[in-house]
Amino acid sequence: MKRFFGLLPKPSPLQPESRVYDLKERLDWGEPALTIIDVRDRADFNESHITGAISMPADSLLTTAANCFEVTRDLYIYSNTDDEAAAVAEQLRGAGFAKVAIVRGGVPAWKAAGFPVEMVTAAATKLA
C-alpha cells in the first residue's frame, strides 16, 4: 500500500491481473470508482458472488458495459476460471475500456481469503 502525502496509506493502482487482496484493499479504502463484474451465468451468481459484484453474463457483457460504464472506469472481472475472465477482459479492452483487471481465483479465492460473499435467495428473487 502506497502512502498518500506520506501519511495516509493509499491502495495500489489497478493491475491487469489482481489478487483478491488487491481488490479488497481498494474496497476497504472506500474507493467508489470501480465496478466488480461477475461474468458467470445467473445461477452461479445467485449461488454465491463477491460482495458488491454485479451480474453481467459474458454473452451480453459488451453491449451492457457500453451502455453502463465510462471507458475510463476501473472494472474488475471474474468468472469460473481465470482464462474465461482474461478472454472477457481482452474483449472489453478491445472495445475501448482502458482499465480492466481480472480477479485471479474469482469467488473461490475470495472465500478462501475469508472475505464476505453474497447470495441471491428465493425471497429476494420474488421481491424483484
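Reader: What makes strand 7 and strand 8 a pair?

Author: Two strands pair if DSSP finds at least two bridges between them. Strand 7 and strand 8 have 3 bridges, in the parallel sense, so they meet that rule. At one point along them, Ile-77 stands opposite Ile-102 of strand 8. A word on the source: this is a predicted model, where local features need pLDDT of at least 70 and side-chain atom pairs count only at pLDDT 80 or more, while totals for chains, interfaces and linings use all residues. Numbering starts from 1 along each chain as its sequence is written, and side-chain values use heavy atoms, with hydrogens and water left out.

Reader: How many helices and strands does the chain have?

Author: There are 6 helices and 9 strands. Both are DSSP runs, numbered from the N terminus: H or I over at least four residues for helices, E over at least two for strands.

Reader: In what order do the 5 strands of the open sheet stand?

Author: The order is 3-8-7-4-6, with parallel pairing. Strand 3 and strand 6 each have a single partner strand, so they stand at the edges, with one side lacking a neighbour in the sheet. Helix 4 packs on this sheet and touches strand 7 and strand 8. The directions of helix 4 and strand 8 make about 170 degrees.

Reader: How do you know that strand 4 pairs with strand 7 and with strand 6?

Author: Count the bridges. Strand 4 (residues 34-38) shares 5 with strand 7 (residues 74-78), running parallel. Here Thr-35 has Leu-75 as its bridge partner. Strand 4 and strand 6 (residues 54-55) are joined by 2, also parallel. Ile-37 stands opposite Ile-54 there.

Reader: Why is strand 4 called mostly covered?

Author: Buried means under 20% relative accessible area (exposed is over 50%, partly exposed in between, with a 1.4 Å probe and protein chains only). In strand 4, 5 of 5 residues are buried. Leu-34, Ile-36 and Asp-38 point one way, Thr-35 and Ile-37 the other. In a regular strand, side chains alternate between the two faces of the sheet. Over the whole chain of 128 residues, 36% count as buried.

Reader: Why does Lys-24 count as buried?

Author: Lys-24 has 18% relative accessibility, so it counts as buried. Lys-24 lies in helix 1. Beyond its neighbours within four places in sequence, Lys-24 is in contact (heavy atoms within 4.5 Å) with Trp-110, Phe-115 and Pro-116. The buried residues of helix 1 (residues 20-29) also include Val-20 and Leu-23. The buried residues of this helix pack against strands 3, 4, 7 and 8 and helix 5. After helix 1 comes Gly-30, with a positive phi near 90 degrees.

Reader: What makes helix 3 and helix 4 oblique to each other?

Author: Helix 3 (residues 61-68) and helix 4 (residues 82-94) pack at about 50 degrees, with axes 10 Å apart. Under 35 degrees is roughly parallel, over 145 roughly antiparallel, 65 to 115 roughly perpendicular, and the rest oblique. Helix 3 and helix 4 are therefore oblique.

Reader: Which residues of helix 3 and helix 4 meet?

Author: Leu-61, Leu-62 and Ala-65 of helix 3 meet Val-88, Gln-91 and Leu-92 of helix 4. The residues of this contact are 5 nonpolar, 1 polar and no charged.

Definitions and conventions. Axes fitted to C-alpha atoms, helices over the stretch in contact; angles between N-to-C directions. Nonpolar A, V, L, I, M, F, W, Y, C, P; charged D, E, K, R; others polar.
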